[in-house]
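I opened the notebook today to look at how one strand sits in its sheet and in the packing around it. The entries below follow the order in which I looked things up.

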Amino acid sequence: MDSSVRAAVVGIGRKGFKGSFIEGLYKPELTHVGAVLKTQGLNLVAVCDVDDELCKSFIKWWGEKWKDLPMETFTDYQDMMNQVKPDVVSIATPVETHAKIIRNVMRFDCVKAVLLEKPISDNIEDAKLIVED
C-alpha cells in the first residue's frame with residue numbers, strides 16, 4: 001500500500017464496513033473501508049465508530065488480513081482526528097450526525113478531502129451550514 005495519503009473512516013457500521021458481512025454477502029469493496037483499501041495512493045490508518053464492539057471486531061478482521069499494517073480504532077472521531085491527523089476522511093454515519101461531524105472534521109488543518117455518505121443532511125438548515133463552512 002502506498003502510504004502517501006493517510007485516510008480514516010468515521011462510521012464502520014452498515015455503509016462504512018459492517019454491511020459487507022450482512023446475510024453472507026461479503027462485498028467489502030461496496031463500503032467506505034473497501035473503497036479506501038481499493039484506491040491506489042490511499043493508506044487506511046484509522047477507523048472510528050461509537051460502537052466499541054464494532055471497533056473490536058474490525059481490528060480483529062484487520063489483523064487477519066493485514067497484520068503487518070498499523071491500524072488504530074477510536075470511539076470518538078475528534079480523538080481520532082487529533083491523534084492520527086488523516087489527510088482524507090470518509091464519513092459513513094447516520095444522516096442526522098453528518099452536519100456536526102463534517103463541520104468539525106473540516107476544521108482540522110490536516111484534512112485535504114472529505115467523502116460524505118449521502119444525503120448530505122436530513123434538513124436544509126444543516127445542509128446550508130455544511131456548504132457555507
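Before counting anything, I fixed my terms: a nonpolar core is a set of buried Ala, Val, Leu, Ile, Met, Phe, Trp, Tyr and Cys residues joined through side-chain atoms within 4.5 Å, where buried means under 20% relative accessible area. I also noted that this is a predicted model.

Entry on the cores. I found that the largest nonpolar core has 20 residues, and that A46, M80, M81, V89, V105 and V111 have the most contacts inside it. Looking up which elements give two or more residues to this core, I listed strand 1, strand 2 (42-48), helix 3 (77-84), strand 4 and helix 4. A second core, separate from that one, has 16 residues, among them F17, L44, L54 and M71.

Entry on strand 4. Are the two faces of strand 4 (residues 88-91) covered or open? I found both covered, with V88 and S90 buried on one side and V89 and I91 buried on the other. In a regular strand the side chains alternate between the two faces of the sheet.

Entry on its partners. I saw strand 4 pair in the parallel sense with strand 1 (residues 5-10) over four bridges, with A8 standing opposite V89. Four bridges also join strand 4 to strand 5 (residues 113-116), again running parallel, and here V88 stands opposite A113. Tracing the chain, I noted that strand 4, helix 4 (residues 98-105) and strand 5 make a right-handed β-α-β unit.

Entry on V89. Leaving aside neighbours within four places in sequence, I listed A8, V10, M81, V105, V111, A113, V114 and L115 as the residues in contact with V89.

How values were computed
Residues numbered from 1 in each chain as written. Predicted model: local features only at pLDDT ≥ 70, side-chain atom pairs only at ≥ 80, totals over all residues. Heavy atoms only, no water. Buried < 20%, exposed > 50% of the residue type's maximum accessible area, 1.4 Å probe, protein only. Pairing = 2+ DSSP bridges. Right-handed = clockwise from strand over helix to strand, strands pointing away. Contact = heavy atoms within 4.5 Å.
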